[in-house]
Amino acid sequence: MTGDLVAGPGGLAAQHGDSRHGDSRHGDSQHGDSQHDGSRDGAAAIVAALAGAGTRLMFGVPGGGPNLDVVGAAAAAGVPFVLAHGETAATIMAATCADLTGAPGAVVVTRGPGLASAVNGIAHAALDRLPVVVIADTVPAHQRDRVSHQRLDQAALGRSVTKAALTAGPGQAEQAAELAVRLALAAPAGPVLINMDPGADAVPAMASAAATDDAPALTNRPVATNGPAAGGGTLPTPRAGADAAGHRLTPLAAALRAARRPVLLLGPGAFAHAAAVRDALAGSGIPALHTYRARGIMPDSGAEAAGLVTGGTMEWPLLAASDLIIGLGVDPAEMIPAAWDHGARTILVCETSAGPAEAGRYFTGGTALAAPLGAAIELIAGHRRHGGWPPAAGRTAKTGALAGLREAARAAPGLLSPQDVVTTVRARTPPETIATVDAGAHMLVAMPLWEVDEPHRLLVSSGLATMGYALPAAIAAALCTPGAPVVAFTGDGGLGMTLMEIETAVRLRLRVVVVVFNDATLSLIKIKQRPAGHGGPEAVGYRPASFAAVATALGAAGAAVSDAAGLASELAAALNRDGPTVIDASIDPASYPTVMDLTRGEAGRRPPTGRHPSTGT
């Protein structure tokens with residue numbers, strides 16, 4: 001082996017210097033040719049590993065030199081590169097492709113500010129368990145004693161948000177890429193950082209640099225700075241589920257025998273078992289609640305689909321009437337930080353060894369089991385004819401909760417309620433439409449009211465709940481699922497964070513409809529703002545802005561709407577237009593406090609319209 005994969009704050013050697021800002025400073029010219037050859041070979045190896053794992057697109061904001069070698073290698077391999085305006089947006093795009101395809105997402109960023117800017121997108125991938133390989137360059141190891149410009153401890157930065165931060169020395173890119181892909185896909189999936197330094201041991205001085213805290217000593221074997229392979233340990237072979245012999249489902253079987261009114265909580269870990277879940281529950285009368293990311297495992301049109309579970313209070317009446325709560329593939333990262341105080345016994349089944357530990361901490365008093373979900377689903381299927389729920393209890397619970405949200409809608413003349421926006425768009429788009437939803441008050445309306453019958457048709461940043469998600473995710477959805485209509489629901493605050501990505505959609509000629517809930521306010525934060533001690537309107541309010549005008553300036557179609565008829569008309573035109581459309585909806589935020597109370601406050605604990613889920617009356 002001629003080089004090493006090492007732990008430390010290095011990255012892909014940026015022999016072209018301050019690459020993010022277009023400088024042309026070169027590193028040690030004596031070693032420039034050999035570093036360039038190593039960079040090109042490393043780039044080709046990384047792209048080959050990603051393409052072999054099914055990656056079909058690469059996103060990013062490149063710097064010079066090695067970054068461009070990766071972009072060039074992708075082009076040579078037939079993997080298109082998508083240039084974004086921001087690194088976080090590019091990483092969200094890569095993560096969304098991973099979400100929709102199951103293959104690793106790929107994003108290229110430059111050293112220093114490039115990687116730092118990507119951190120929010122990487123954190124989103126981490127908490128939504130999405131496999132993304134982040135490829136960064138770095139100040140070359142042999143220059144670190146002299147060069148401090150843009151020099152960060154990139155391994156430490158990566159460790160805070162990734163499963164593993166790897167640094168690849170010369171000749172090690174292939175090994176690094178294969179390890180990164182393997183780590184990213186290993187359950188639970190997540191992001192991995194590759195810092196490539198093709199000049200890491202280009203000079204004898206590397207030996208002394210390796211002895212510093214910034215760059216641990218070189219070895220002759222791969223080393224990861226954290227994650228399953230940390231410390232040079234053997235990486236476990238990815239597996240679909242735990243060994244049933246070691247993790248018995250006896251507690252679940254016993255609980256099912258005693259239960260009359262079980263409720264299922266479905267999380268994204270159950271995606272792979274969607275068909276089995278549907279077969280087990282269809283016609284059973286057992287209600288099923290979904291986390292945000294799991295929507296569509298059971299079709300919303302089915303009698304068993306009972307709505308959302310978020311850790312809030314909208315689901316409380318149904319859970320209060322149950323005598324057993326069973327979670328399948330639920331990730332606690334999706335649950336809001338609220339008490340789990342339901343009286344029924346809670347049993348969580350996860351397929352990864354880490355799952356039960358996390359679930360047990362959040363679901364107070366619950367029992368967490370590591371076991372194959374398929375076996376758990378079979379047990380539930382065997383219980384399907386022993387339930388005590390009234391007919392269509394799940395649908396009844398969901399219908400009542402949604403009725404409360406709709407009844408809360410109100411808007412002054414010349415404004416739309418958030419509920420009107422979501423219901424109008426849902427009624428006028430085909431079932432296969434993919435909707436992406438940004439964080440904010442509008443999310444509390446859009447997530448329950450947008451109904452789907454298949455998984456991966458309603459996308460949201462659930463674990464991190466980051467603003468600035470919807471537009472980049474919609475761009476990726478349009479690229480990864482050509483032909484499917486794509487709608488992005490975003491607030492004015494979230495769109496402001498990724499506004500220039502409208503140009504990305506224009507450049508790529510993507511038919512994406514961006515619907516902006518425009519009230520010039522951080523409405524969710526305003527609800528939480530106290531009358532004293534939290535600042536005044538200046539803390540949560542913006543100057544009114546025309547996003548339709550901005551869209552037009554960027555080459556997209558733009559339209560401002562203030563009533564349902566206008567929204568319907570502009571939506572119809574947008575769905576038949578090549579390229580993106582921004583529909584700037586003037587929103588009355590007056591119903592948001594009531595929505596907050598219904599979904600996360602005391603109002604949600606009351607059975608809707610006086611009906612009790614256990615009796616249906």
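**Figure 1. L266 and its partner across strands 9 and 10.** In this predicted model, L266 stands opposite H290 of strand 10. Strand 9 covers residues 262-266 and strand 10 covers residues 288-290. The two run parallel and are joined by three bridges. Both belong to an open sheet of six strands.

**Figure 2. The open sheet with strand order 11-10-9-12-13-14.** Six strands make up this sheet, and their pairing is parallel. Strand 11 (305-308) and strand 14 (367-370) are the edge strands. Each of these two pairs on one side only. On average, neighbouring strands are turned by 20° against each other, direction ignored. Strands of a sheet pair through backbone hydrogen bonds, in either a parallel or an antiparallel sense.

**Figure 3. The open sheet with strand order 16-15-17-18-20-19.** This sheet also has six strands, paired in parallel. Which strands stand at its edges? They are strand 16 (458-460) and strand 19 (557-561). Each has a single partner strand, so one side of each lacks a neighbour in the sheet. The average turn between neighbouring strands is 20°, direction ignored.

**Figure 4. Strand 20 between strands 18 and 19.** Strand 18 (residues 512-518) pairs with strand 20 (residues 581-586) in the parallel sense, over six bridges. Within this pairing, V514 stands opposite V582 of strand 20. The bridge partner of V516 in strand 20 is D584. Strand 19 pairs with strand 20 in the parallel sense too, over five bridges. There, G558 stands opposite V582. V582 is thus shown facing V514 and G558. Strand 20 is mostly covered, with five of its six residues buried.

**Figure 5. Helix 16 across the sheet.** Helix 16 spans residues 470-480. Which strands does helix 16 lie across? They are strand 15 (434-437), strand 17 (486-491) and strand 18. Helix 16 runs at about 175° to strand 17.

**Figure 6. Helix 3 packed on helix 16.** Two packed helices are described by the angle between their axes and the distance between the axes. Helix 3 (residues 87-101) meets helix 16 at an angle of about 45°, with the axes 8 Å apart. That angle makes helix 3 oblique to helix 16. The crossing is right-handed. Helix 3 contributes A89, I92, M93, T96, C97, L100 and T101 to the contact. Helix 16 contributes P472, A473, I475, A476, A477 and C480. By class, this contact has eleven nonpolar residues, two polar residues and no charged residues.

**Figure 7. Helix 3 packed on helix 4.** The axis of helix 3 comes within 7 Å of the axis of helix 4 (residues 113-127). The two axes cross at roughly 35°. This crossing is right-handed. From helix 3, the contact takes in E87, T88, T91, I92 and A95. From helix 4, it takes in G114, S117, A118, V119, N120, G121, I122, H124 and A125. The residues divide into six nonpolar, seven polar and one charged. I92 of helix 3 takes part in the contact with helix 4 and in the contact with helix 16.

**Figure 8. Helix 2 and the glycine that follows.** Helix 2 covers residues 66-76. Its buried residues are P66, N67, D69, V70, V71, A73 and A74. G78 follows helix 2, and its phi is positive, near 80°.

**Figure 9. A cis peptide bond before P188.** Most residues other than glycine have a negative phi, and most peptide bonds are trans. The bond from A187 to P188 is cis, with omega near -10°. P188 is found in the loop between helix 6 (173-185) and strand 8 (191-196).

**Figure 10. Positive phi at A392 and H456.** A392 has a phi near 55°, positive in a residue other than glycine. A392 is found in the loop between helix 12 (373-382) and helix 13 (393-407). Its relative accessibility is 27%, so A392 counts as partly exposed. H456 has a phi near 65°, again positive in a residue other than glycine. The loop holding H456 runs between helix 15 (443-449) and strand 16. H456 is partly exposed, with a relative accessible area of 23%.

Notes: Residues numbered from 1 in each chain as written. Predicted model: local features only at pLDDT ≥ 70, side-chain atom pairs only at ≥ 80, totals over all residues. Heavy atoms only, no water. Axes fitted to C-alpha atoms, helices over the stretch in contact; angles between N-to-C directions. Helix = DSSP H or I, 4+ residues; strand = E, 2+ residues; numbered from the N terminus. Parallel < 35°, antiparallel > 145°, perpendicular 65-115°, else oblique. Left-handed = near helix turned anticlockwise from the far one by under 90°. Contact = heavy atoms within 4.5 Å. Nonpolar A, V, L, I, M, F, W, Y, C, P; charged D, E, K, R; others polar. Buried < 20%, exposed > 50% of the residue type's maximum accessible area, 1.4 Å probe, protein only. Pairing = 2+ DSSP bridges.
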